[in-house]
Amino acid sequence: MVAVPLALLGLAALGSAAYLWRSATPPVAPPPGLTASEMQTLYAAPPTPLTGQVRGFHIGHSLVARDMPSMLAQLAGGDYAYESQLGWGTPLRAHWDPKEKINGFDAENDHPLYRDAHEAVDSGDYDALILTEMVEIREAIMYFQSWEYLQKWTNRAREAKPDVRIFFYETWSNTDDPEGWLNRLDLDLNRYWLDGILRPALAESDAQGAIHVIPGGQVMAAFLRAVGATSGLPDVSDVNDLMTDTIHFNDLGAYLMALTHYAVIFGRSPEGLPHTLNRSDGTPATAPSAETAALMQKVVWEVVTSTPLTGVVGTDTTPLVLSEGKVSQ
């Protein structure tokens, strides 16, 4: 990950940009999305898991960062290669529109695995496109039309490669959120990530096909609740042990998110995978203890196989529950 001061600078820059946008432009509510019945039909048949050498492209910000995709590649043991375009607090719209500024662009993309996002998506070189939206997610939806740009990137990728897999990475709010961090994670997957972005994007999309969810926020919540149910772990007691500040993950958090990406993209359990990895620059990452890594891996697989829309088949038959699709301002 970038150094904490840079990450915080990016977060501050985003806050300023979001405030100026709100003052100049009225919010736009997302259009109606696919109904629950239509979603059930679209996601009824799980995809065949990706096998062999998989090439992915990541579009996002500091909750993707450099180290997490690198850890994902290490977990895949040579079966995953990737490039990325990142920023600080960057909405999907800014990645799409060359006229918009991507905060932190020079710093975040100063590495050999950067590739221009439009060039990459248009190339048809990738088996997987992994997208995420900026947070605060409410503001992303209302002021940056998240659903529209998820739809645009999806259509563009499928025009170049019709069988490309599209993944939408759910993240989290600040840990000091006044609504309560765990409460936000419990509510936000449906009310914002699905109802406010995914369902409208699918309804508007010209390129038919499912977009599968990488439930990062859900994994964070489930893991920390699992930690609370233990008699104690040597290196994790609460969310602060996964973070460098109130939003950005440290090496342990990056490892947890890499496991989550691995489980969804490959459709395989991460249980038993290595837990001693390197950062993207080749230096050793702070490794979770063996006990913590085992709990992380177990929780990731439980969440991924029980969260609707991941596309990963498990033993859980949890029905898809969606609200009316109205996004709170």
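Is the crossing of helix 9 and helix 10 left-handed or right-handed? In this predicted model, the crossing of these two helices is left-handed.

**Helix 9 and its partners**

Let's stay with that pair for a moment. Helix 9 covers residues 181–204 and helix 10 covers residues 216–228; their axes come within 9 Å and cross at roughly 140°. Helix 9 is therefore oblique to helix 10. If you would like to find the contact on screen, start on the helix 9 side with Trp-181, Leu-182, Leu-185, Asp-186 and Leu-189, which meet Gly-217, Gln-218, Met-220, Ala-221, Leu-224 and Arg-225 in helix 10. Sorted by class, the residues of this contact comprise 7 nonpolar, 2 polar and 2 charged.

Helix 9 also has a contact with helix 8 (residues 146–160), and here the axes come within 8 Å and cross at roughly 50°. Helix 8 is therefore oblique to helix 9. This crossing is right-handed. Helix 8 brings Ser-146, Trp-147, Leu-150 and Gln-151 to the contact, while helix 9 supplies Gly-196, Ile-197, Leu-198, Pro-200, Ala-201 and Glu-204. The classes in this contact are 6 nonpolar, 3 polar and 1 charged.

Here are the two pairs in one place:

| Pair | Axes come within | Crossing angle |
|---|---|---|
| Helix 9 and helix 10 | 9 Å | roughly 140° |
| Helix 8 and helix 9 | 8 Å | roughly 50° |

**The nonpolar core**

In soluble globular proteins, nonpolar side chains tend to be buried together. In this model, the largest nonpolar core has 101 residues. Which residues have the most contacts inside it? They are Tyr-80, Trp-172, Leu-198 and Phe-223. Among the contributors to this core, helix 11 (residues 251–266) gives the most, with 12 residues.

Leu-198 is a handy residue to follow, as it belongs to the helix 9 side of the contact with helix 8. Setting aside neighbours within four places in sequence, Leu-198 is in contact with Met-39, Tyr-43, Leu-150, Trp-193, Ile-211, Val-213 and Leu-309.

**Loops with something to notice**

Most residues other than glycine have a negative phi, and most peptide bonds are trans. A few places in the loops are worth a look with that in mind.

Ala-65 is not a glycine, yet its phi is positive, at about 60°. You will find Ala-65 in the loop between strand 1 (54–59) and helix 3 (67–75). Is Ala-65 buried or exposed? With a relative accessible area of 2%, Ala-65 is buried.

Gln-145 likewise has a positive phi, near 45°. Gln-145 lies in the loop between helix 7 and helix 8. This residue is buried too, with a relative accessible area of 12%.

Where is the cis peptide bond involving Glu-136? It runs from Val-135 to Glu-136, with omega near 15°. Glu-136 sits in the loop between strand 3 (128–132) and helix 7 (137–144).

Thr-171 makes a good last stop, in the loop between strand 4 (165–170) and helix 9. It is buried, with a relative accessible area of 1%. Leaving out neighbours within four places in sequence, Thr-171 is in contact with Leu-63, Thr-132, Glu-133, Val-135, Leu-185, Trp-193 and Gly-217. Several of these names have come up before: Val-135 begins the cis peptide bond, while Leu-185 and Gly-217 belong to the contact of helix 9 with helix 10. Trp-193 is also in contact with Leu-198.

Technical notes. Residues are numbered from 1 along each chain as its sequence is written. This is a predicted model: local features need pLDDT of at least 70, side-chain atom pairs count only at pLDDT 80 or more; totals for chains, interfaces and linings use all residues. Side-chain values use heavy atoms; hydrogens and water are left out. Axes are lines fitted to C-alpha atoms, for helices over the stretch in contact, and angles run from 0 to 180 degrees between N-to-C directions. Helices (H or I, at least four residues) and strands (E, at least two) are DSSP runs, numbered from the N terminus. Angles under 35 degrees count as roughly parallel, over 145 as roughly antiparallel, 65 to 115 as roughly perpendicular and the rest as oblique. A crossing is left-handed if the near helix is turned anticlockwise from the far one by less than a right angle, and right-handed if clockwise. Contact means heavy atoms within 4.5 Å. Ala, Val, Leu, Ile, Met, Phe, Trp, Tyr, Cys and Pro count as nonpolar, Asp, Glu, Lys and Arg as charged, and the others, Gly among them, as polar. A nonpolar core is a set of buried Ala, Val, Leu, Ile, Met, Phe, Trp, Tyr and Cys residues joined through side-chain atoms within 4.5 Å. Buried means under 20% relative accessible area, exposed over 50%, partly exposed in between (1.4 Å probe, protein chains only).
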